[in-house]
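Reader: I have a new model open on my screen. Can you walk me through it?
Author: Sure, have a look first.

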Amino acid sequence: MDGIRPPVQQLAARLAAFWLPDEVVVYIGQTERQLSKRVAEYYRTPLGARSPHAGGYFIKTLSVLPELSVHFAETTQPLSAEAAMLAHFVNQVSPDSLAVLKDARRPFPYANLEFPRRNTKGHGLRSATAPKKRM
């Protein structure tokens, strides 16, 4: 974190700085694969592992993970639907949340780390997942 390996308490405080207390949505995503298989892959992936599915790894830090629900809608345009949902979310974040958010310029759902692509939350975390395998 910020170029150093932080103590657990410091890492927990950094993650908490991205929590939106007045929101119920913690992650918006899309898949072109069968949703049940994709969700199962996510739950099988240990925190820090890259595969089978590391997306939304901030969610894995929540103590209420077993209590969360997945809501979905089918679409023929998953990428544009995801972008529209993220844009709507960002545009409706409350002034109270923006005032305390670590990166108020990027008020994405807690576990979304970028939107649009390559516009990354200023979380300062590096190497949070295993390195990519070299071929």
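Author: Let me fix a term. On a 1 Å grid over the protein atoms alone, a cavity is a set of points where a 1.4 Å probe fits but cannot get out, while a pocket is an open set with protein on both sides within 12 Å along at least five of seven lines; lining residues have an atom within 4 Å of a point. Note that this is a predicted model: local features need pLDDT of at least 70, side-chain atom pairs count only at pLDDT 80 or more, and totals for chains, interfaces and linings use all residues. Residues are numbered from 1 along each chain as its sequence is written, and side-chain values use heavy atoms, with hydrogens and water left out.

Reader: Fine. Which residues line the largest cavity?
Author: The lining is Tyr-42, Thr-45, Pro-46, Leu-47, Gly-48, Ala-49, His-53, Ala-54, Gly-55, Tyr-57 and Lys-60.

Reader: What classes are in the lining of that cavity?
Author: Six nonpolar, four polar and one charged. Here Ala, Val, Leu, Ile, Met, Phe, Trp, Tyr, Cys and Pro count as nonpolar, Asp, Glu, Lys and Arg as charged, and the others, Gly among them, as polar.

Reader: How much space lies in it?
Author: The largest cavity holds about 40 Å³. A volume is the space filled by probe spheres set on the points, and grid points are joined across faces, edges and corners. The count is one cavity of 30 Å³ or more.

Reader: Take Thr-45 from that lining. Buried or exposed?
Author: Thr-45 is buried, because its relative accessible area is 3%. Buried means under 20%, exposed over 50%, partly exposed in between (1.4 Å probe, protein chains only).

Reader: And where is Thr-45 placed?
Author: Thr-45 sits in the loop between H2 and helix H3 (78–92). Helices (H or I, at least four residues) and strands (E, at least two) are DSSP runs, numbered from the N terminus. Thr-45 and Gln-9 are 36 residues apart along the chain, and their C-alpha atoms are separated by 24 Å.

Reader: Pockets now. What about the second largest pocket?
Author: That pocket has about 370 Å³ of space. It is lined by 16 residues; Arg-5, Leu-11, Leu-125, Ser-127 and Ala-128 lie nearest its centre. The lining divides into 11 nonpolar, three polar and two charged.

Reader: Switching to charges. How many salt bridges are there?
Author: A search of the whole structure gives three. A salt bridge here is a side-chain nitrogen of Lys or Arg within 4 Å of a carboxyl oxygen of Asp or Glu.

Reader: Which residues form a network of them?
Author: Arg-33, Arg-38 and Glu-41 are linked that way. Arg-33 meets Glu-41 at 2.8 Å, N to O. Arg-38 also bridges to Glu-41, with the closest N and O atoms 2.8 Å apart.

Reader: Where do Arg-38 and Glu-41 lie?
Author: Both are in helix H2, three residues apart, about one turn of the helix.

Reader: How covered are the three?
Author: Glu-41 is buried, as its relative accessible area is 12%. Arg-33 counts as partly exposed at 43%, and Arg-38 is partly exposed at 23%.

Reader: And the pair Arg-106 and Asp-103?
Author: Their side chains meet at 2.9 Å, N to O, in a salt bridge. Arg-106 counts as buried at 16% relative accessibility. Asp-103 is buried too, at 8%.

Reader: Back to the surface. Which residues make the nonpolar patch?
Author: Leu-35, Val-70 and Phe-72 make a patch of about 290 Å². Patch residues have over 30% relative accessible area and no salt bridge; like charges are joined within 9 Å, and nonpolar side chains (Val, Leu, Ile, Met, Phe, Trp, Tyr) within 5 Å. Accessible areas come from the Shrake-Rupley method with a 1.4 Å probe, and for residues only the protein chains shown count as cover.

Reader: Where is Leu-35 found?
Author: In helix H2, residues 35–44. Leu-35 is partly exposed, with a relative accessible area of 30%.

Reader: What about Val-39?
Author: Val-39 is placed in helix H2 and is partly exposed at 24%. Val-39 and Asp-22 are 17 residues apart in sequence and 25 Å apart in space, C-alpha to C-alpha.
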